[in-house]
Amino acid sequence: MASASTFLSHPNPQANDVVSSAICQFKSCSFASQSTLFGSKFASKSLSLHTATTRPACASDSEPISASHSHQTFDVLIIGAGIIGLTIARQFLIGSDLSVAVIDKSVPCSGATGAGQGYIWMAHKTPGSDLWDFGLRSQRLWEDLTESLSEQGLDPLQILGWKKTGSLLVGRTPEESDMLKGRVKLLCEAGLRAEYLSAIDLLVKEPELMVDKDTGAAFLPDDCQLDARRAVEFLEKGNRHYSSKGRYAEFYNDPVISLLRSGGSGEVEAIKTSRNILYTKKAIVVAAGCWSGSLMCDLLRESEVVLDVPVKPRKGHLLVLENFNSFQLNHGLMEVGYVDHQTAIPLPNISTSGLLDHDGQTLSVSMTATMDTAGNIVLVPDGKPVIGPVPGVANVFLATGHEGGGLSMALGTAEMLADMVIGNPEKVNSAPFAVHGRC
């Protein structure tokens with residue numbers, strides 16, 4: 001099976017029409033497709049494909065550890081049970097003695113996490129940029145985790161879907177090839193293993209690609225990939241270990257309705273959900289993905305705090321090609337256009353009005369492709385996250401806006417946010433990701 005996604009900013013986002021789940025109920029159809037990356041391998045085949053209507057996905061086999069419907073108190077409340085929320089919960093549990101509750105209007109993987117490809121890549125990041133050190137730290141933390149699993153006699157491939165696939169950033173014009181050569185030089189100077197591949201060398205790495213004389217690629221052999229669903233199951237299982245110690249609880253299918261403030265200090269002391277009132281001793285973390293902006297707007301509506309979180313939903317399409325055995329991919333692939341979204345090229349037979357967001361900015365579409373742990377092909381199209389305390393609202397923190405990099409930046413985000421709350425020295429400069437001045 002193979003899957004493909006493209007992502008466009010939605011000009012008029014609606015709550016029920018913006019984020020699609022990775023695991024879906026399907027309707028079948030067939031089509032003949034032609035790929036600029038794979039040439040006639042797609043064109044000569046009539047492929048079976050499914051269009052999706054979403055359902056909750058990625059929840060573990062075991063039931064959530066939910067507390068009874070009552071007033072309860074935890075040190076940290078985390079709104080959002082995607083990869084960011086669950087890794088933040090894990091960080092507090094393993095790195096402190098604080099108690100944690102995770103709250104979500106649905107279940108894990110019902111949003112962007114469920115559609116994630118699991119790239120742990122540095123190929124598309126630029127040395128010296130705000131994301132560079134953060135990306136390196138996050139990658140190192142994932143590698144440390146897989147090494148820890150191996151030391152325990154566990155298989156990271158089985159537990160997390162972890163594979164060192166290597167990555168190929170592919171360009172098709174002389175200008176893109178020159179850019180890739182420069183990028184390889186920068187990556188090598190920054191200490192990473194990277195090399196430029198000519199069209200001939202690229203064809204050796206990936207024989208099924210359609211290349212011409214101008215095609216080239218940046219190759220990073222140490223980039224990795226994990227499986228989002230397996231990672232979430234691992235995180236949930238680990239977090240639930242602390243429930244028996246009274247330090248962890250989950251409140252799924254229980255949307256947050258409002259913040260409750262102290263009558264004396266005015267500080268936020270609790271959140272009200274559809275079924276519970278949950279009090280916090282230390283912090284509330286909003287990690288609700290693309291819904292963080294609208295959620296914060298709703299929660300602060302009756303306060304004097306004005307906060308415009310620069311995060312908006314994007315329309316996502318995941319194309320699944322089942323039982324696909326026409327060819328094998330050896331590495332993760334990404335079009336060079338994924339790195340530079342400054343200019344968009346309108347798609348054939350599609351009105352350009354559909355490629356503009358609500359601010360009139362041109363949108364762009366690029367593709368990535370990889371073979372997942374089950375032998376499926378995943379084909380997809382992009383930002384700096386917002387991490388830190390909310391100005392004017394004591395004890396409330398944001399961790400959102402990761403766009404296509406939530407899985408790769410999850411552990412780094414969890415470490416950074418937990419260090420802020422607990423007061424630990426930071427490992428990576430958090431200033432570029434601060435809420436203040438950006439919201």
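**Exercise 1. Work out whether Asp130 is buried, partly exposed or exposed, then do the matching job for its salt-bridge partner.**

*Step 1.* Asp130 has a relative accessible area of 39%. Buried means under 20% relative accessible area, exposed over 50%, and partly exposed in between (1.4 Å probe, protein chains only). So Asp130 is partly exposed.

*Step 2.* Asp130 forms a salt bridge with Lys384, with 2.8 Å between the closest N and O atoms. For a salt bridge, a side-chain nitrogen of Lys or Arg has to be within 4 Å of a carboxyl oxygen of Asp or Glu.

*Step 3.* Lys384 comes out at 27% relative accessibility, so this residue is partly exposed.

A word on the model: it is predicted, so local features need pLDDT of at least 70 and side-chain atom pairs count only at pLDDT 80 or more, while totals for chains, interfaces and linings use all residues. Numbering runs from 1 along each chain as its sequence is written, and side-chain values use heavy atoms, leaving out hydrogens and water.

**Exercise 2. Find where the salt bridge between Glu189 and Lys185 sits, and look at a few others.**

*Step 1.* Both residues lie in helix H5 (residues 174-189), four residues apart, or about one turn of the helix. Helices here are DSSP runs of H or I with at least four residues, strands are runs of E with at least two, and both are numbered from the N terminus.

*Step 2.* The closest N and O atoms of Glu189 and Lys185 are 2.5 Å apart. Glu189 is exposed at 53%, and Lys185 is exposed at 53%.

*Step 3.* Now try Asp214 and Lys213, whose closest N and O atoms are 3.4 Å apart. Asp214 is partly exposed at 24%, whereas Lys213 is exposed at 75%.

*Step 4.* Arg140, Glu143, Asp144 and Glu147 are linked in a salt-bridge network. The structure holds 12 salt bridges.

**Exercise 3. Trace the largest nonpolar core and place Val285 among its neighbours.**

*Step 1.* A nonpolar core is a set of buried Ala, Val, Leu, Ile, Met, Phe, Trp, Tyr and Cys residues joined through side-chain atoms within 4.5 Å. The largest has 50 residues, and Ile88, Phe92, Val100, Val102, Trp142 and Tyr248 touch the most other members. Helix H9 (406-422) is one of the elements that each supply at least two residues; H9 gives the largest share, nine residues.

*Step 2.* Pick Val285, found in strand S14. Its relative accessible area is 0%, so Val285 is buried.

*Step 3.* Count contacts (heavy atoms within 4.5 Å), skipping residues up to four places away in sequence: Val285 touches Val76, Leu77, Ile78, Ile79, Ile88, Phe397, Ala399 and Leu417. Val285 and Val76 are 209 residues apart in sequence but 7.5 Å apart in space, C-alpha to C-alpha.

**Exercise 4. Say what lines the largest cavity.**

*Step 1.* On a 1 Å grid over the protein atoms alone, a cavity is a set of points where a 1.4 Å probe fits but cannot get out, and lining residues have an atom within 4 Å of a point.

*Step 2.* The lining is Phe134, Arg137, Gly412, Glu415, Met416, Asp419, Lys427 and Val428. H9 supplies the largest share, four residues.

Key:
On a 1 Å grid over the protein atoms alone, a cavity is a set of points where a 1.4 Å probe fits but cannot get out, and a pocket is an open set with protein on both sides within 12 Å along at least five of seven lines; lining residues have an atom within 4 Å of a point.
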